[in-house]
Amino acid sequence: MTEFEHHQAAHCESGVTRDLLNTRTNGKLTEPLVFGIGAGLFFANIPFIKINHGPAIAFRTLPGHIFRRTCRSLGIPVVRKKFFSKERAKAFLDECLANGQPVGCQVGVYYLPYFPREYRFHFNGHNLVVYGRKGEDYLISDPIMENATTLGSYELERVRFAKGALAPNGQIYYPKGDVELSDDRIKRSIVKGIKKNVYNMLQIPGSFAGISGICNTGKKIKKWRDQLGLEKAKLYLAQLVRMQEEIGTGGGGFRYIYAAFLQEADAYLPGHGLIEISKMFTQAGDMWRTAAVHAAGIYKGRLSSQEDFDVMGDHLIRIADVEQQAFESLKKIKWQIS
Amino acid sequence: MKKDEIPQDPGALGRITKEVCYATDASGKYTTELSSGWDVKIQALNVAWEDIDKRIAVAKQKVLDGQASPIYFFMEYRLMDVALVADYTGFWQWQVKRHLKPEVFKGLNDTKLQKYALAFNTTVDDLRTMTVHDDRV
């Protein structure tokens with residue numbers, strides 16, 4: 001039987017990464033550490049893509065990046081495969097399981113039978129672990145669920161070969177071999193992760209991503225009521241909140257995970273003021289929540305004037321301000337790794 | 001967010017699982033806590049579903065009025081667009097658009113209908129008669 005233990009997580013990919021690395025690294029990594037080392041925090045409002053007839057807004061980095069960056073940074077070799085053929089995808093999975101290797105799979109959520117129907121959209125960036133097989137049933141550890149579950153072989157195939165944007169193409173990934181993780185290595189990876197995240201939020205070119213993306217989305221929201229009409233603008237705001245509060249990141253989600261990461265990072269790298277900066281991310285998370293409450297006032301129909309939309313837009317602009325300060329502070333740190 | 005401020009509102013996800021949230025304890029240290037759901041999020045989801053249900057109802061009426069084939073209904077019912085239906089069935093988008101016409105749909109053979117049935121997780125008979133069963137998947 002495969003050596004694997006299911007744990008619930010706040011976010012699917014950081015949860016999967018932590019659980020896959022757990023046995024390989026002697027349990028040294030936590031979810032926030034993985035999220036931070038993988039530079040998971042992000043913002044992007046992609047203007048030319050629509051999801052479910054609404055704006056495509058992401059609050060974290062692209063699916064797959066957290067796992068890849070974390071492993072690369074920690075010097076852990078990775079196996080990653082995509083498939084054209086469903087038969088070969090299944091054969092490879094079975095071979096991994098027969099060798100006692102639990103694997104991460106990228107899947108679409110629409111046909112995931114254990115999700116409540118209200119949460120099933122055509123979103124293909126979900127991650128789970130397959131860690132064993134009982135006859136035709138596969139043992140599944142989905143990090144957003146409290147308990148491990150199972151999927152029939154057809155059910156698993158269908159979600160592994162979901163279609164549309166970010167189609168997983170049966171993607172499988174796992175860390176290869178055991179690693180002795182020294183504290184020194186973790187320290188270096190933390191610094192690298194922070195630097196990457198600073199770049200993504202402050203310096204990434206284009207006006208639709210990072211801090212400038214948040215700011216621009218705030219400005220756009222102020223125009224939604226005029227441009228789209230009240231009904232559609234409400235839908236758009238609901239979508240913003242849904243993406244912010246996506247399954248398994250309840251409440252300003254990713255900002256809080258990042259704040260937790262900085263607290264843990266401080267234990268590795270004291271004397272750099274990370275605790276103080278962590279508080280700024282907590283504040284940003286709280287502000288995202290306040291903005292969501294205001295948005296709810298609009299989509300529930302309690303608020304509807306242009307002024308209410310202006311307030312909403314200003315919320316985002318203020319959040320951009322706080323996150324900018326936080327990342328500027330991270331950028332200024334002179335790292336001393338002993 | 002402080003640990004004791006984590007919302008515990010009942011919603012769809014709460015029936016299946018609770019969610020892990022990161023929040024601070026009394027000393028300001030981050031810890032995790034389970035949440036059954038948050039009303040703000042639950043309402044956002046409701047808004048999205050009301051819109052989807054509206055689309056499905058419109059599609060159904062169009063099929064009943066003979067303006068579209070049942071494929072149009074199932075497309076909306078499964079939250080898909082023409083591109084996604086084409087991806088799932090292997091047809092070209094222009095073919096899918098053609099099959100949305102009732103008179104073209106009537107002439108489709110079972111092999112083609114079976115591809116649609118598979119994509120929509122239904123049977124050829126149910127596809128033809130626009131029958132859905134309670135569970136959505």
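This tour moves from the whole of chain A to its aromatic residues and then to the contact with chain B. The model is predicted.

**Chain A as a whole**

Begin by selecting chain A and displaying it as a cartoon. Eleven helices and eight strands should appear. The radius of gyration of chain A is 20 Å, close to the 20 Å that the globule rule gives for 338 residues, so chain A is as compact as a globular protein of that length. Along the principal axes, its C-alpha atoms occupy a box of roughly 60 × 50 × 30 Å.

Next, colour chain A by accessibility. Of its 338 residues, 60% are buried. The surface that chain A exposes amounts to about 13,200 Å², and carbon and sulfur atoms account for 50% of that area. If contacts are drawn between residues at least 6 apart in sequence, 72% of those in chain A join residues at least 24 apart.

**An aromatic pair between two helices**

Now select helix 9 (residues 253-268) and helix 11 (residues 306-332) of chain A, and show Tyr258(A) in the former and Phe327(A) in the latter. Over all chains there are 22 aromatic pairs, and Tyr258(A) with Phe327(A) is one of them. The ring centres are 6.1 Å apart and the planes meet at 45 degrees, which makes the pair tilted. The two residues are 69 positions apart, and their pairing links distant parts of the chain.

Are these two residues buried or exposed? Tyr258(A) counts as buried because its relative accessibility is 0%. Phe327(A) is likewise buried, with a relative accessible area of 0%.

Extend the selection to Phe35(A), Phe254(A), Phe261(A) and Phe281(A); with Tyr258(A) and Phe327(A), they form one aromatic cluster.

**Charges over rings**

Move to Phe121(A) and add Arg242(A). Arg242(A) lies over the face of this ring, 4.4 Å from the ring centre. For a second example, select Phe91(B) and Lys115(B): the charged end of Lys115(B) sits over the Phe91(B) ring, at 5.1 Å from its centre.

**The interface between chains A and B**

Finally, display both chains and select the residues in contact across the interface. Chain B contributes 43 residues to this contact and chain A contributes 49. Together the two chains bury about 4,300 Å², of which 62% is on carbon and sulfur atoms.

Which three residues of chain B supply more of the area it buries against chain A than any other three? Select Tyr22(B), Tyr30(B) and Trp38(B), which supply 16% of that area.

Definitions and conventions:
Residues are numbered from 1 along each chain as its sequence is written. Chains are lettered from A and ligands numbered from 1 in the order in which they are written. This is a predicted model: local features need pLDDT of at least 70, side-chain atom pairs count only at pLDDT 80 or more; totals for chains, interfaces and linings use all residues. Side-chain values use heavy atoms; hydrogens and water are left out. Rings of Phe, Tyr and Trp (its six-membered ring) pair if their centres lie within 6.5 Å; planes under 30 degrees apart count as stacked, over 60 as edge-to-face and the rest as tilted. Helices (H or I, at least four residues) and strands (E, at least two) are DSSP runs, numbered from the N terminus. Buried means under 20% relative accessible area, exposed over 50%, partly exposed in between (1.4 Å probe, protein chains only). A charge sits over a ring if NZ of Lys or CZ of Arg is within 6 Å of the ring centre and within 35 degrees of the ring normal. The radius of gyration is taken over C-alpha atoms; the globule rule is 2.2 Å times the number of residues to the power 0.38. Contact means heavy atoms within 4.5 Å. Accessible areas come from the Shrake-Rupley method with a 1.4 Å probe; for residues, only the protein chains shown count as cover. Buried area is the accessible area (1.4 Å probe) that two parts lose on being put together, summed over both.
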